[in-house]
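Subject: A structure to look at, with notes

Dear colleague,

Please find below the structure that I promised to pass on to you. My notes follow it, and I have tried to explain each term where it comes up.

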Amino acid sequence: MKHIVTVQEAVTAFADWMEPTDSELDAIEAEMPRILADVEALDVQIALLDRAPTELDQRRVRRGRRRVLSEGAVLANRVVSGAVA
C-alpha cells in the first residue's frame, strides 16, 4: 500500500528567501500596464460569452486587442532600449 501525503506544507510554507526581490517587483510594476490591458480584454470577452456580440461589442473587443498589442510593444521597446532591467 502506498501512502498519499499532502504537499500543502510545501505550497504554503514561505521562507524569507522565497519573497520576490526588489528587481522582480520592479519588473512586475513595469509590466502592469500590459497586465491591466490583458485583464480588460478578458473582461470584455467574458461578458460576451453568453450573448451574440453587437457592433459595439465587436469594437470593444478590437479596441482591447489593440491596447494589449500596444502595451506589449511599449514594454518590448523598453526592454530592448535597456529601460527595464
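Which residue follows H3, and what is the sign of its phi? The residue is Gly-82, and its phi is positive, near 90°.

Before going further, please keep in mind that this is a predicted model, in which local features need pLDDT of at least 70 and side-chain atom pairs count only at pLDDT 80 or more, while totals for chains, interfaces and linings use all residues. Residues are numbered from 1 along each chain as its sequence is written, and side-chain values use heavy atoms, with hydrogens and water left out.

The protein has 3 helices and 0 strands, where helices (H or I, at least four residues) and strands (E, at least two) are DSSP runs numbered from the N terminus. Of its 85 residues, 15% are buried; buried means under 20% relative accessible area, exposed means over 50%, and partly exposed lies in between, with a 1.4 Å probe and protein chains only.

Helix H3 covers residues 55-81, which is 27 residues, and spans 39 Å from its first C-alpha to its last, close to the 39 Å expected at 1.5 Å a residue (the expected span is 1.5 Å times one less than the number of residues). Its buried residues are Asp-57, Val-61, Gly-64, Val-68, Glu-71, Gly-72 and Leu-75, and they pack against helix H2 (22-47). As general background, an α-helix has 3.6 residues a turn, so residues three or four places apart point the same way.

One of these buried residues deserves a closer look. Asp-57, in helix H3, has a relative accessible area of 6% and therefore counts as buried. Leaving out residues up to four places away in sequence, Asp-57 touches Leu-48, Arg-51 and Ala-52, where contact means heavy atoms within 4.5 Å. Arg-51 sits in the loop between H2 and H3 and is partly exposed, because its relative accessibility is 42%. The side chains of Arg-51 and Asp-57 make a polar contact at 3.2 Å; such a contact is a pair of N or O atoms within 3.5 Å, and within protein one must be able to donate a hydrogen and the other to accept it, while residues adjacent in sequence count only if both atoms are side-chain atoms.

Finally, Leu-25 is in helix H2 and is partly exposed, because its relative accessible area is 41%.

With best wishes
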